[in-house]
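Colleague: I should like to learn how pockets, cavities, helix packing and aromatic pairs are read from a model. May we go through them in turn?

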Amino acid sequence: MTTTPDTNTGFPTRSLSHAQMSPRTLFGTVMTVIAFICGVLALLPLLAVLSYVIIQGFSSLNLDIFTELPPPPLVQGGGFGNAILGTLLMVGIGAAISVPFGVIAAIYLTEFSKGNTARWVRFATNVLSGVPSIIAGVFAYGVVVATLGTFSAVAGGFALSVLMLPIIVRTTDEALQLVPQDLRQAAVGLGATKFQTAIQVVLPAAIPAIVTGSTLAIARAAGETAPLLFTALFAQFWPRSIFQPTASLAVLIYNFAISPFKNWQSLAWAASLILVLMVLLTSIITRWATRQKIYS
């Protein structure tokens with residue numbers, strides 16, 4: 001780096017052009033470019049999958065797929081309205097089981113549990129989050145299907161709740177830990193008990209993050225296939241009871257995509273697109289709802 005005398009003061013000054021090309025600045029620029037390229041490369045698989053599903057599925061998309069049942073092989077037309085309804089039903093059952101238990105467990109870990117208990121519960125939650133989904137399906141088969149003696153939407157929802165539970169516990173736990181301690185201290189200073197502080201102060205402050213975590217859990221559960229093969233199986237008819245075999249989009253995609261019939265394959269692509277759009281729509285609605293709560 002060179003210096004030049006200042007004509008006004010007579011003191012030497014550093015050359016700005018040389019300072020901009022210093023090794024540290026050059027290294028930072030190079031690393032920024034590399035990080036940008038890596039980010040673009042990470043997005044390429046996602047864009048490729050989405051574009052291919054949209055291209056293949058949009059050509060088979062029509063209003064009949066929402067209102068009609070799956071057709072026989074080699075018969076054009078039909079739809080998978082029963083699979084859409086079954087997916088919503090089983091994901092709803094799974095969310096109804098996992099969300100209350102997950103939030104309550106996270107509140108206990110963050111606000112009431114101290115020492116080794118919280119540490120071991122968090123460790124068990126991390127282990128459960130890494131369990132393969134097919135293991136959750138086998139567990140639900142042994143607990144629910146073998147007990148009831150039939151495949152059912154209840155068994156499918158139970159299997160999905162096992163997969164959703166660790167995600168909800170972890171995200172809720174982290175969200176509660178991010179709530180400032182000043183809020184807790186202020187509530188205690190006003191005479192609130194620890195339970196009142198947790199329910200009326202800490203939990204409302206963390207609701208946007210909790211809803212976002214629950215949405216991630218629902219999005220994962222909606223696309224699971226293996227647990228539903230062991231629990232809900234499949235049905236060609238509209239669901240009439242939660243204690244009967246129930247169709248789902250994930251299992252329909254699995255069955256129809258590997259079939260040799262072109263009409264079933266086209267329905268599989270359309271079901272893939274609908275499943276992606278359902279997850280995307282859920283995420284958008286959740287973000288909008290939580291943002292409205294934050295700024296209201």
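Modeller: The largest share of the lining of the largest pocket, three residues, comes from α8. A pocket is an open set of points on a 1 Å grid over the protein atoms alone, with protein on both sides within 12 Å along at least five of seven lines, and lining residues have an atom within 4 Å of a point. The model is predicted: local features need pLDDT of at least 70, side-chain atom pairs count only at pLDDT 80 or more, and totals for chains, interfaces and linings use all residues. Residues are numbered from 1 along each chain as its sequence is written, and side-chain values use heavy atoms, without hydrogens and water.

Colleague: Which elements give two or more residues to the lining of the largest pocket?

Modeller: They are α4 (81–112), α7 (153–177), α8 (181–189) and α9 (194–222); helices are DSSP runs of H or I with at least four residues, numbered from the N terminus. Among the lining residues are Thr110, Glu111, Gln181, Arg184 and Val188. By class, the lining has three nonpolar, four polar and four charged residues. The volume of this pocket, about 160 Å³, is the space filled by probe spheres set on the points, which are joined across faces, edges and corners.

Colleague: How many cavities of 30 Å³ or more does the structure hold?

Modeller: A cavity is a set of points where a 1.4 Å probe fits but cannot get out. The structure holds one of 30 Å³ or more; the largest cavity has a volume of about 40 Å³. Its lining includes Thr87, Met90, Val91, Leu160 and Leu249, and the largest share, three residues, comes from α4. That lining divides into eight nonpolar residues, two polar and one charged.

Colleague: At what angle do α4 and α7 pack?

Modeller: Axes are lines fitted to C-alpha atoms over the stretch in contact, and angles run from 0 to 180 degrees between N-to-C directions. Here α4 and α7 pack at about 35°, with their axes 6 Å apart.

Colleague: How is an aromatic pair described?

Modeller: One gives the distance of the ring centres and the angle of the planes. Rings of Phe, Tyr and Trp (its six-membered ring) pair if their centres lie within 6.5 Å, and planes under 30 degrees apart count as stacked. The structure holds six aromatic pairs. The rings of Phe256 and Trp264 are stacked, because their centres are 4.5 Å apart and their planes at 10°. Both residues, Phe256 and Trp264, are buried (under 20% relative accessible area, 1.4 Å probe, protein chains only). Together with Phe261, they form one aromatic cluster.

Note on methods. Nonpolar A, V, L, I, M, F, W, Y, C, P; charged D, E, K, R; others polar. Phe/Tyr/Trp six-rings, centres within 6.5 Å; stacked < 30°, edge-to-face > 60°. Buried < 20%, exposed > 50% of the residue type's maximum accessible area, 1.4 Å probe, protein only.
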